[in-house]
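Colleague: I would like a close look at a single part of this model. Please keep the answer connected and brisk.

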Amino acid sequence: MFHREAGVFKTTYGADMALYPLPIAKWTVVALAALFVVIIPLAVHEYYLSILNLIFIAIVGALGLNILVGYTGQISIGHGAFMSVGAYTAANLAVRLGLPFWITLPAGGLMAALIGVIVGMPSLRIKGLYLAIATLAGQLIIEWTINHVPAISGGAQASIEVPRPSLFGISLNTQGHLYFFLLFFAVLAIVATLNLVRSRIGRAFVAVRDQDIAAEIIGINIYRYKLLAFAISSFYAGVCGVLYTYYFGIANYEQFQLIVSIDYLAMIIIGGLGSVLGSIFGAIFVTLLPIAIRIFMEDVGSLFFTQGEMANVISGLRLGVFGGLIIFFLIVEPEGLNRLWRNIRSYFRVWPFSY
Amino acid sequence: MTRFVRSWLGVAATTATLAFGGGQAFAQAKELVFGLQCDRTGPTANVGTVLCPGYQDYIALVNSKGGVEGYKIKVLEIDNEYKVPPAMEAHERFKKEGAVLEGLYGTPQTAALNKKLEEDKILGTSPGFGTASAADGKRFPYTFPIAASYWSQAGAAVEFAKEKMGTLKGKKIAYLFYDNPAGKEPLVILEDLAKAEGFELRTFAVPAPGLEMGAQILDITGRYKPDFIITHLFGRAPSVSIKELKGKGFPLSKVVAFVWGSAESDIIAAGGMGVAEGYSTMQFAGVGKDFPVLKDIEAMYKAQGKPAPKEMDSTVYYNRGVLVAALHVEAVRNAIKAKGGAAPTSEDVKKGMEAIKGFTLGGFVPPLELTPADHEGGGWVQIWTVKGGKLVKVKDWFQGNRPAIEKQLAADASKS
């Protein structure tokens, strides 16, 4: 990631496909692990951990959506609803049956995968914008169902409080505890996705995205793989919803409305479709940018505006700058932040001899 | 120094502060930090852009008079855009800056923060948001609705209808509501009261975003023909309901709206005050400009050589912002007094909030009484009706059908 690789030649397919392209990459990963597991939790204030926690959850959701939209080319705007399926499944299991998180979490993911396959069925017949509308219908139906079926939603408020997750008898109730909890699942999601996309399944997804007729001709069962993409993507979404539920201590479908699906689409488009690193960049960008703009404006804006004006200026400016930056980045590099990062890297790879 | 140089210095300063852990705790001696969540850009911006300036202005007024018991107040406002993750980030930021209390904004946001507030022992106020059962201070020790919940509003609406018609026996009441949890919440109270009072209740749900309700209104006015309508809508939906009811010729004097359908802007958007003659609204803060506290804010602006802000004209939401700020300040005042002038902690402020009683600000605040058990303060509302082009108070502070609400609260507490 951060290293230079002069004089390295790969002579086998195995070497080319390896997770670590170079021996030094292993050390990069070790350094990153040390940074996230030891240095950050010790050195950083709880407030920043809370931001990282939100980013970790967003990474899981963005990875899931990227598998579907970026790798398989199936547009979905029902991602938020799949999160709510996971959230309510886990909440009901945790409250009614008193199950611990290591059961409710995969259960929430599996239930979301099941619903995802059902909502994804139209993808077998339609593509593109038509599919987007079909998944939009899925989003609205799921929202309506949760709102109107007390057996799922637990009453008129449609929210179920869940106890904090506990591990070895310790209740994970501070941002620091939850940091490790969420970091674990974010890393798990990243590693799983990295492996998924270089496997047979991942390559089939890419083939379906690039040209589904050609994919069918070379022997890929596109029905199976399209539904599999929906299932895996929804599984991630469901897990993301469960993580939100444990993080906030409540499952509430109003947290997972249409706007959330759009936010996650924005993440993967900004970050880069069809790339794991892009999903991470997108999740970081969308979560962090509003906060960064606000903190910046709180310090700088007070030079130009009074306290009363500031509140309106920050809110308006944040929207404006956020939208402007999205347009700017997409004009500079339509393939997203991931491509931008690769361009910068390849520039420095040969620096200072650019030819 | 030119502005350009100054701005670059600002950038450098920001970088430096970020590098050293982002904005040092500016809670020095004799300054208290209040956190305020707001929605100035999200789906409820029509409320937030007026309510939050009201809050800021009242705090500025208190500061201009020397602060509360010698302490200046610094308000840290964060726009959560009515989204849940930013609300959690905002709470953590408030905690980092040492906020002694925070104003919450939004029902899902309140739900998501209930637990965190309790763990961090910082009180949050949720006037008009959140669940009705949060009135129970034993179940939600750090959540303070401080204003009439939807249950209390339902009780008050039925009482008002009864007053208008003499008796409810055999009458038909339509309940037109926004189809979300907040909209459905009052149903239990309405159903209980329908049984007790002997009226017939039929519900009409309006799906989000509530801009299209022609079918429901036609069903109400054409087929059901109720004797009274209670509406509970949000955002742009209230003005649509006024317009549609008026269009179908239903007398607006037989309509009462819950608190989020009760602003001047809702009525003006429906075609103006003249059109909505007779439309009744429910309020948890005083309406209009005829209050000493608002005169003081105007005087404060005048002393600075500025005109009063235009938000003050939208008195319903502006006054609610002032009310929330006033209750926050009062809680802190109680806390400082209880500690003999020492800086209060967030737990002292909670005790101060639970000691608020007989604080009316010249009729601006209801005669609420907050106790460790009752964080709603009694569920007081006023009814204001459009008469001759403006909102006129027709019913002073009252608690409608209190026993029915208390019964539900007890039932809800025993369930959990």
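Colleague: Take chain B and its two domains. How many residues of domain 1 of chain B are in contact with how many residues of domain 2 of chain B?

Modeller: A caution before the count: this is a predicted model. Chain B divides into domain 1, made of 29–148 + 289–353, and domain 2, made of 150–280 + 380–401. Eleven residues of domain 1 of chain B are in contact with 16 residues of domain 2 of chain B. On the domain 1 side of that boundary, α12(B) gives the most, with three residues. By class, the domain 1 side has five nonpolar, six polar and no charged residues. Taken over C-alpha atoms, the centres of the two domains of chain B are separated by 29 Å.

The boundary also bears on the nonpolar core. The largest nonpolar core has 224 residues. Those with the most contacts inside this core are A:I57, A:I59, A:V60, A:L182, A:Y236 and A:L243. Helix α3 of chain A, residues 46–71, gives the most to the core, with 17 residues. Both domains of chain B give residues to this core too, so the core lies between them.

Stay with domain 1 and helix α12(B). Residues 315–338 of chain B form α12. Helix α13 of chain B covers residues 346–353. Its buried residues pack against α12 and also against β3 (101–103), β4 (123–125) and β5 (143–144) of chain B. The buried residues are B:S346, B:V349, B:K350, B:G352 and B:M353. Seen down the axis of α13(B), they fall within an arc of 160 degrees, so they line one face of the helix. The general background is simple: an α-helix has 3.6 residues a turn, so residues three or four places apart point the same way.

Now the loop after β5. B:I146 is found between β5 and α5 (150–165) of chain B. Its phi is near 45 degrees, a positive value in a residue other than glycine. B:I146 counts as buried because it has 27 C-beta neighbours inside 10 Å. As a rule, most residues other than glycine have a negative phi, and most peptide bonds are trans.

Two further loops of chain B deserve a look. B:P209 lies in the loop between β7 (200–206) and α8 (214–224) of chain B. The peptide bond from B:A208 to B:P209 is cis, with omega near 0 degrees. On the other side of α8 comes B:K225, in the loop between α8 and β8 (228–232) of chain B. The phi of B:K225 is near 50 degrees, again positive in a residue other than glycine. B:K225 is exposed, with 10 other C-beta atoms within 10 Å.

Last, the partner chain. In the contact between the chains, 34 residues of chain A meet 41 residues of chain B. On the chain A side, α3, β4 (250–252), α13 (276–300) and α14 (307–332) each supply at least two residues. That side divides into 16 nonpolar, 14 polar and four charged residues. Helix α3 of chain A thus appears both here and in the core. One of the core residues, A:V60, is in contact with A:F185, A:A186, A:A189, A:Y236, A:V239, A:C240 and A:L243, leaving aside its neighbours within four places in sequence.

Conventions:
Residues are numbered from 1 along each chain as its sequence is written. Chains are lettered from A and ligands numbered from 1 in the order in which they are written. This is a predicted model: local features need pLDDT of at least 70, side-chain atom pairs count only at pLDDT 80 or more; totals for chains, interfaces and linings use all residues. A nonpolar core is a set of buried Ala, Val, Leu, Ile, Met, Phe, Trp, Tyr and Cys residues joined through C-beta atoms within 7 Å. A residue is buried if 20 or more other C-beta atoms lie within 10 Å of its own, exposed if 12 or fewer, and partly exposed in between; C-beta atoms are placed from the backbone. Helices (H or I, at least four residues) and strands (E, at least two) are DSSP runs, numbered from the N terminus. Domain bounds come from an automatic or database domain assignment. Two residues are in contact if their C-beta atoms, placed from the backbone, lie within 7 Å. Ala, Val, Leu, Ile, Met, Phe, Trp, Tyr, Cys and Pro count as nonpolar, Asp, Glu, Lys and Arg as charged, and the others, Gly among them, as polar. The arc is that of the directions from the helix axis to the C-beta atoms.
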